[in-house]
Each structure stands twice: as C-alpha cells, then as structure tokens.
Amino acid sequence: MDVVIVNTDCANLASVKYALERLGITPTISDDSARIKQADKVILPGVGSARAAMRNLQQKQLVEPLQQLTQPVLGICLGMQLLGLRSAEGDVDCLGVIPCITERLACANLPSPHMGWNQLLATREHPLTKSLTAPSYCYFVHSYAVPVGDYTLATSSYPQPFSAMIGANNFYGMQFHPERSSAVGERLLADFLAMEAA
Amino acid sequence: MLAKRVIPCLDVRAGRVVKGVQFRDHQDVGGIVELAQRYRDQGADELVFYDITASADGRVVDKSWVERVAREINIPFTVAGGIRSLAQAQQLLAMGADKISINSPALSNPELVNQLVDEFGQQCVVVGIDSYYDAEQQRYVVYQFTGDEKRTQATTWATADWVAEVVDRGAGEIVLNCMNQDGVRRGYDIQQLADIRQRCAVPLIASGGAGSANDIVEVFKQCNVDGALAASIFHRQQCTVAEVKQAMQTHSIPVRW
C-alpha cells in the first residue's frame, strides 16, 4: 500500500513513520502535491501551533491540493484540527474539509495541557470506531480541541466531553496520537489503512 | 477519565542505563532499548531517559539510541540531558522523541524555555527541577548540574518560585525531583509535592524516593500528581509496572490497561 505522510515541517514525522513500519508499511514522507495525490492513503501529522502549521502548508502550496484529495486522509492531533474550518489557536483559517471549529479546551481546574492516557468512547458506528471496545485508552497531548458535534465519531472527556475522533467524507481525524497509543493505537491505524476509498 | 501515569526513568550514561544513590555511585543496570522494551511490555505509560552527565560536562546527549527507541516502542518518551539550543531540541524531536526535558540549561538561560515553547509548542517542553530541602534555611532550593557531584550547586531559586517562573514561560509539564529522597527508597516527598501541586497549573510528575508500589499509591492519593517517576524499584525488579498499577487500581486510582 502506498501511504504518504505529509511533511508539514513542524511535525513528529519520525514517530508516525515508525508506527507504520511496525505495521509492515513503508510510508513516503513528502510535501510534493503530485506525489501526495497519487497515494492510497494520506496522513497529516502535526504538533505545534495551528498558525505555524497553516503558514507552512501555504508556503508549500499544499492547501488546495490537500482540500481536493479523494482517498482516505487521516489528520493526527494538530493535523486533525487543521481539517476543520477554523482554529481559535492563533485565530486562523484551516483546510475546511470537515465543518467543525477548534476551540481552547475548557479544563476547569484540571492541569493544562491535557496530557496523558484518556479513555475513548465511540459515539457512532464507523469503520474507525469498530475497535473501540471499552476501555480503550489513547495518549493525548493538547490544549485545543474540537467540541462534540455532527462529525464526532468518538469522544473523550477532560472534564467536558470533546471530539477524540471526527470524520466527514474521506477525511478523518484523531486528536490523540495513535502512533504512541500502544496496542489500541496500532489497531486504529490498521483500521484506517484498511478503509476503502470513499 | 485521565489515567495516572507510571513512568520508569532510565538514567543513561555512556550508552547504558545506570542507577545511583542520591546521584552518586552509578551501577550498570542494562541496555537502553532492552529496558525500554521490558517496561513497555509491563504497561509503562511513558518513559523518561536522562543523560545524567550531559549538562555537567558540557556535552549534548549521545543521540544514536533515541532513534532506536522511537522505532521500537509505541508509547511516548521524553529525552533529557544538556539540551541548550533550538537546534539540539529539533534534532531529538525529529529522531522521534515526543518531549524534551530541560533542567540545568533552563537555570542558566531561562529564556530557552520561551524559545523552545515558541518553536515546538508547549506540549513537548518539560522542565525538570532538582529540589533540595535546606534544613538551615528551612526552605526548598533548586540545584543545578546534579549529574556531576563535583559541579552540583545550589541556585538562588526557591523551588516554588522557579516552578512559577517556568510555567509562566510556557513549560508544558514539570518533573519535580526531590533530591533528599532520591535513590533512598523511603517514599516521595509528600509534603513538598502536595505544596507544589497547589501552585502548578500544568501536569506535575513526582520523582525521587519510590521504594515500593505503595509509595507510588501514596503519592497519587496524597498529592494528586499526574504521574510518578521511579527507577530503582523497576531496575532491581523489585516489582513490575503491572504490579504497581494493580496496587493503584485497588486504591481506586485510574490506570490504563
């Protein structure tokens, strides 16, 4: 299978690559729009700030090519937030392929960022949530999140529920890091790789 | 619910994992990747690797093993030791480290915390703090260069003030190492950790003093820390990570299985 990891220049590219290699896939890391378009599956990783990541995608002229992809695309962490319309982090327009908005996580009195292993709760039947038999813990590190809405596939809570997984058409997002979420994360990545083109 | 993290700490010296008592008399306890795999298999939630000599003798961490760990393990890990520049941090993160932890260099150049946060984001910047109870002054004081006993020295920072300073500069997590407890396995410094917890708005990890699974249970129950670091009890195979989590669960502390 031909999997391309989009090189956003600010991401944990190596850990995503190694996670795929542990699943027997040799991915290509690329910021070339023609190469990305050819892939069977595209992964958009991300750490850092939404503003910096969108600036990098614009400089690489990847905004439109990414919006036009038709194969399954998975955004991870910040990469998931980039799939939405806007992010409150830096108040920046994002790719807009999933009609949701990223807001600051309301942690109440809990430590922020939300860091560590938290439980996922599937809220919709979907090829990406079929492995989520309770209890499924995944590793989160973030202080912004997509509120629960029409495109939510699974939630987690800190203390308020937020979207742990989202999806619309051929675009999917995971707020946690499946590449660092032990056996559960490996199953979720494998489920994504097994998805049929929409 | 967010699980409380159990974090084996691997002190690295010259490419091997070592363990000292109050930072001295280091003994070899095994290979880096071999121990990382063992703890992953036992259910460790995260790993921390400290190159304990790096800051003190002016080197940066020997990095070749970071990539091997990143390839092998499917849980997050932090690398610490002598990270003084954005370029050094960038290299470690590019090799697959999830977080970088700075300690002595932050004390020498506090602005480094801001620079790292601006460049890589708050989520991957950890500040490690070595805190010692000074009985004469009757206060907790931050120490620097603790990797080398010849250069170890007290700073002018009171621990609570330094925590406030680095959180204000954007640190995403604090590892508080209570030096009086380190390696002596008599339990964590409950009083200090409970006090700092009140003042720390970011995740707080307890370090120094774990001698039994029960010590780890107590630090979660009494201090509400987010994670507990321990070394000797795991390296000496006194108990496994799974046994610690079993004890935590018995006391209704949320754990990940």
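Start at the largest pocket of this predicted model, which has a volume of about 950 Å³. Put A:V47, A:G48, B:F120, B:G121 and B:Q123 on screen: of the 44 lining residues, these are the closest to the centre of the pocket.

Next, colour the elements that give two or more residues to this lining. From chain A, pick α1 (13-22), α3 (50-59), α5 (78-82) and β9 (136-142); from chain B, pick α3 (86-94) and α5 (111-120). Pause on α5(B), since the largest share of the lining, 4 residues, comes from there. If you colour the lining by class, you should get 19 nonpolar, 16 polar and 9 charged residues.

**Stop two: the annotated residues**

Now select A:C77, A:H177 and A:E179. An unreviewed UniProt entry gives these three the feature "active site". They are spread over 103 residues of sequence, yet they cluster in space, with a largest C-alpha distance of 10.7 Å. Which of these residues belong to the lining of the largest pocket? A:C77 and A:H177 do.

Zoom in on A:C77 in the loop between β4 (73-76) and α5 of chain A. Is A:C77 buried or exposed? Its relative accessibility is 6%, so A:C77 counts as buried, the cut-off being under 20%. To see what surrounds A:C77, show A:G46, A:V141, A:M174, A:Q175, A:F176 and A:H177, which A:C77 touches once residues up to four places away in sequence are set aside.

Then move to A:H177, in the loop between β13 (171-174) and α6 (182-193) of chain A. A:H177 counts as buried too, because its relative accessibility is 6%. Leaving out neighbours within four places in sequence, its contacts are A:N12, A:G46, A:V47, A:I76, A:C77, A:Y139 and A:V141. You have already met A:V47 among the residues closest to the centre of the largest pocket.

**Stop three: the second largest pocket**

Head over to the second largest pocket, with about 240 Å³ of space. On the chain A side, select A:L110, A:P111, A:S157, A:Y158 and A:P159; on the chain B side, add B:M1, B:L2, B:A3, B:K4, B:N224, B:D226 and B:P254. By class, this lining splits into 8 nonpolar, 2 polar and 2 charged residues.

Two residues in this lining, A:Y158 and A:P159, are worth a closer look. The peptide bond that joins A:Y158 and A:P159 is cis, with omega about -20°. You'll find A:P159 in the loop between β11 (152-157) and β12 (161-168) of chain A.

While you are here, click on B:N224, another residue of this lining. B:N224 sits in the loop between α8 (213-223) and β12 (227-230) of chain B. Its phi is near 50°, a positive value in a residue other than glycine. At 44% relative accessibility, B:N224 counts as partly exposed.

**Last stop: a loop in chain A**

Finish in the loop between β7 (101-104) and β8 (114-122) of chain A, where A:P113 is found. Check the peptide bond from A:S112 to A:P113: this bond is cis, with omega near 0°.

A:A108 lies in the loop between β7 and β8 as well. What is the phi of A:A108? The value is about 55°, positive although A:A108 is not a glycine. Switch on the surface here: A:A108 counts as exposed, because its relative accessibility is 67% and the cut-off is over 50%.

Notes:
Residues numbered from 1 in each chain as written. Chains lettered and ligands numbered in written order. Predicted model: local features only at pLDDT ≥ 70, side-chain atom pairs only at ≥ 80, totals over all residues. Heavy atoms only, no water. 1 Å grid on protein atoms, 1.4 Å probe; cavity = no way out; pocket = protein on both sides within 12 Å on 5 of 7 lines; lining within 4 Å. Points joined across faces, edges and corners; volume = space filled by probe spheres on them. Helix = DSSP H or I, 4+ residues; strand = E, 2+ residues; numbered from the N terminus. Nonpolar A, V, L, I, M, F, W, Y, C, P; charged D, E, K, R; others polar. Buried < 20%, exposed > 50% of the residue type's maximum accessible area, 1.4 Å probe, protein only. UniProt positions renumbered as here; feature names shortened; annotations may be inferred. Contact = heavy atoms within 4.5 Å.
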